[in-house]
Amino acid sequence: MTGPRLLTEFGMGTSLRRQDYTEAAIRAVRDALWHNSINHAGLFGREKSEMRITVEIGVAAPSRVDRDRVAAVFPYGHVDLRIVEGGLDVPRPDGAPTVIANAAISVSFDREGA
């Protein structure tokens, strides 16, 4: 059983010209991660590899995101990745939109003895 959420961090990423939904998602995840130094494992006497990382990414075209490439951004922990419709495609004069992805990352640990 997963314990309570210890932190939630948010990020935004873009693909300005290539309509690369995966790259926008990766940039959103990195934006969230690079705003934080996750030291919770040591505070609770746990290993970083024990972290339960829940990731939700919103983009206008979820099927165009390579889940494996996004999950590979995380250096440790158990990643539960959910890609949903969201984010924003911003029209451009040349007809190819700028892609915006939003990410929400939450961290928890399994309850001991559960």
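**Exercise 1. The nonpolar core**

In this predicted model, find which residues of the largest nonpolar core touch the most other members, and which elements supply at least two residues of this core.

*Solution.* Start with the core itself: it has 27 residues, and V29, V55, I57, V70 and I105 touch the most other members. Next, look at where core residues come from. Helix α1 (21-33) and the strands β2 (51-59), β3 (78-85) and β5 (98-109) each supply at least two. Finally, rank the contribution of α1: with 8 residues, α1 gives the most to this core.

**Exercise 2. The surroundings of V29**

Leaving aside neighbours within four places in sequence, list the residues with which V29 is in contact.

*Solution.* Select V29, set aside those sequence neighbours, and keep residues with heavy atoms within 4.5 Å. You should be left with V55, I57, V70, V73, F74, A103 and I105. Now compare with the first exercise: V55, I57, V70 and I105 are named there, alongside V29, as touching the most other core members.

**Exercise 3. The place of β5**

Work out which strands pair with β5 and in what sense, then explain why β5 is largely enclosed.

*Solution.* Take the partners one at a time.

- β1 (residues 7-15) pairs antiparallel with β5 over 9 bridges; here M12 stands opposite N102.
- β2 also pairs antiparallel with β5, over 8 bridges, and M51 stands opposite F109.
- β4 (residues 88-90) runs antiparallel to β5 and is joined to it by 3 bridges, with V90 opposite T98.

Now turn to burial, counting residues under 20% relative accessible area. In β5, 10 of the 12 residues are buried, so the strand is largely enclosed by the rest of the structure.

Terms used. Residues are numbered from 1 along each chain as its sequence is written. This is a predicted model: local features need pLDDT of at least 70, side-chain atom pairs count only at pLDDT 80 or more; totals for chains, interfaces and linings use all residues. Side-chain values use heavy atoms; hydrogens and water are left out. A nonpolar core is a set of buried Ala, Val, Leu, Ile, Met, Phe, Trp, Tyr and Cys residues joined through side-chain atoms within 4.5 Å. Buried means under 20% relative accessible area, exposed over 50%, partly exposed in between (1.4 Å probe, protein chains only). Helices (H or I, at least four residues) and strands (E, at least two) are DSSP runs, numbered from the N terminus. Two strands pair if DSSP finds at least two bridges between them.
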